[in-house]
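Please read the following note with the sequence and the model side by side. Each numbered point takes up one part of the structure and may be checked against the display.

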Amino acid sequence: MDENGCFGDYLVLRPEKVGFWDVLRLLYSGKLDENSCVDGPPGTEIGELKRRWVVFVSLLIQRLLLLSSSSMAKVGSVVVFFGNLVTDNGGLLSLFVNYLRGEVRIPEKEFDTYKSAIGLIDTRLNLCTNITERDDRYKEQLAIMAAKVSYENQAFIRRVVENHWKMEFLAYYNCWNDYQEDYSTQAFMMSDRGAGDGDGDGDGDELLVVAFRGTDPFNATQWCTDIDFSWYAIPHLGKVHGGFMKALGMQKNSDGWPRELGRSTSPRPYAYYVLRERLRDAIQRNPSARFLVTGHSLGGALATLFPLVLALHGEDALLRRLEGVYTFGQPRVGDASLARFAERCLDQPRRRYHRFVYCNDLVPRLPYDDGTLLFRHCGGCLYYDSLYRGTVREEEPNKNYFSARAAIPKYLNAAWELVRGLLIGFVKGAEYREGWALRALRLVGLLIPGLPPHSPQDYVNSTRLGKLLWDDDDATTELKQD
């Protein structure tokens, strides 16, 4: 059976098969039967030129990313190693002194102090001391910190959870992607026994946190996933982003989302199934426990889809214990049907889906959303501007990012963020001081203004400097500031 044979309707982009004539053919012919770099059911045709153009651009960028994947990975390894080398030796000057003394400390990737690129950009590890378990902002700031630390190795995560947060580290998962044939999805679980659910009845004294790792800045394949327009039509769900479903654990050459994996299935761990099993066990041991799902970037997309697949499989007992879904800088995951399904599952009878968008972050505006494509966000968003002023909106401003009218304001804002980064430590305190890695990224933002705002740093700042005030009767409610 073809890997798409279990789906009645689908559109799959294949950048690895992009050839010069095939990709050019998209501009004058939308017949997929004649094109090896776009796949769909027999007889499928993309009629609109504008839609073919968007697919053409996506394929071209993905192909360029794949061709540069090895170089990106090598550059990333060097940058991250050097960053840890400098950090572990106390700075450049101390590194030079240690070198003269023959006492240079060499970082190792398996150490519990070895930071990822994200960890070098935002070095904060402690939860905000001004936000207690009974504060309305507690779960959102716990969620962004869990999403941020999910980029680190297992030993690092365990150290932070147990030593800095005084919580219980439960498990780390390195999960298999059937389509990429690689362990490309990572997540971890922890337990916060002091969070509660805030209603004063003692219910939910244990809060389980599931955090999905997001996009590695130097991983070309993961960036391809973010800008991919591939989708599969999943019965009862709608049309869903193919790359995110594959990362979550969709099965190849079978019924894409079987409720239970058969005995013949590979023993490799799939994110959805191993996390669901662990949650089942935890809630069986403590029926009053609740769980929260979170993620940044790609991790936010997986955090959104995870409870929707639970709903698809009729996991009502688990969903009743869902405290909330918190995503930060999340890309779009599906069409309007999926958005309606998500609203029924996650926001009724109370709002449980919280999507945070900071300023000009590029990723929440991907994949493209207009009259020619089907991708939509699920629900509204909590939007923060560059002064960390928040409003609840139906859609983030400039929802597709690429706009001639918005270009000049974006570049001006990037310059302001560079200046703000130099001053914020003096204005707001030492914990907000930006290091050399983020300042370098802010400089890159003068060329590509949507990249620096995607950093977790600004999302952490947003949850700490502004108070969350969801108001269902007013979609433009301003947040209270500290």
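The points below go from the whole chain to single helices, loops and residues.

1. Overall form. The model is predicted, and this should be kept in mind throughout. The protein holds 16 helices and 12 strands. Its radius of gyration is 22 Å, close to the 23 Å that the globule rule gives for 482 residues, so the protein is as compact as a globular protein of that length. The C-alpha trace spans about 65 × 55 × 50 Å along the principal axes.

2. Interior and contacts. Buried residues make up 58% of the 482 residues of the protein. Among contacts with a separation of 6 or more, 70% are between residues 24 or more positions apart. A student may follow such pairs in the display, and the later points supply examples.

3. Surface and charge. The exposed area of the protein is about 20700 Å², and 55% of this area comes from carbon and sulfur atoms. The protein carries 58 positive and 63 negative side chains. The centres of these two sets of charges lie 3 Å apart.

4. Helix α7. This helix covers residues 154–164, and its buried residues are Phe156, Ile157, Arg159, Val160 and Val161. A general rule helps in reading such a list. An α-helix has 3.6 residues a turn, so residues three or four places apart point the same way. The cover over the buried residues of α7 includes α6 (138–149), together with the strands β3 (168–177) and β4 (182–192).

5. The two ends of α7. At the N-terminal end, Asn153 acts as a cap: one of its side-chain oxygens lies 3.1 Å from the backbone nitrogen of Ala155. Just after the helix, Lys166 has a positive phi of about 55°.

6. Helix α8. How many of the eight residues of α8 are buried? The helix, residues 220–227, is mostly covered, with seven of the eight buried. These are Ala220, Gln222, Trp223, Cys224, Thr225, Asp226 and Ile227. Their cover includes the helices α2, α3 (69–88), α9 (242–248) and α11, as well as the strands β4 and β7 (238–241). At the start of α8, a side-chain oxygen of Asn219 comes within 3.0 Å of the backbone nitrogen of Thr221.

7. Gln62. This residue belongs to helix α2. Is Gln62 buried or exposed? Its relative accessible area is 2%, so Gln62 is buried. Beyond its neighbours within four places in sequence, Gln62 is in contact with Leu13, Pro15, Cys224, Ile227 and Asp228. Two of these partners, Cys224 and Ile227, are among the buried residues of α8.

8. Pro41. The loop between β2 (38–39) and α2 (49–67) contains Pro41. With a relative accessible area of 14%, Pro41 is under the 20% cut-off, and therefore it counts as buried. Apart from neighbours within four places in sequence, its contacts are with Gly8, Asp9, Tyr10 and Asp33. Tyr10 is 31 residues from Pro41 along the chain, yet their C-alpha atoms are separated by 6.8 Å.

9. Thr327. Strand β9, residues 322–328, includes Thr327. Thr327 has 0% relative accessibility and so counts as buried. Setting aside neighbours within four places in sequence, its contacts are Gly295, Gly300, Ala303, Thr304, Tyr353, His354, Arg355 and Phe356.

10. Positive phi in two loops. Ser297 is not a glycine, but its phi is positive, near 65°. Ser297 sits in the loop between β8 (290–296) and α11 (298–312), and at 0% relative accessibility it counts as buried. Asn398, also not a glycine, has a positive phi of about 50°. The loop between β12 (390–393) and α14 (404–428) holds Asn398. Why does Asn398 count as partly exposed? Its relative accessibility is 25%, and partly exposed is the class between under 20% and over 50%.

11. A cis peptide bond. Which form does the bond from Leu366 to Pro367 take? The bond is cis, with omega near -20°. Pro367 is placed in the loop between β10 (353–358) and β11 (381–384).

Technical notes
Residues numbered from 1 in each chain as written. Predicted model: local features only at pLDDT ≥ 70, side-chain atom pairs only at ≥ 80, totals over all residues. Heavy atoms only, no water. Helix = DSSP H or I, 4+ residues; strand = E, 2+ residues; numbered from the N terminus. Rg over C-alpha atoms; globule rule 2.2 N^0.38 Å. Buried < 20%, exposed > 50% of the residue type's maximum accessible area, 1.4 Å probe, protein only. Contact = heavy atoms within 4.5 Å. Areas by Shrake-Rupley, 256 points an atom, 1.4 Å probe, with all protein chains shown as cover. Lys, Arg positive; Asp, Glu negative; His and termini not counted. Charge placed at Lys NZ, Arg CZ, Asp CG, Glu CD. Polar contact = N/O pair within 3.5 Å; in protein donor to acceptor, adjacent residues only side chain to side chain.
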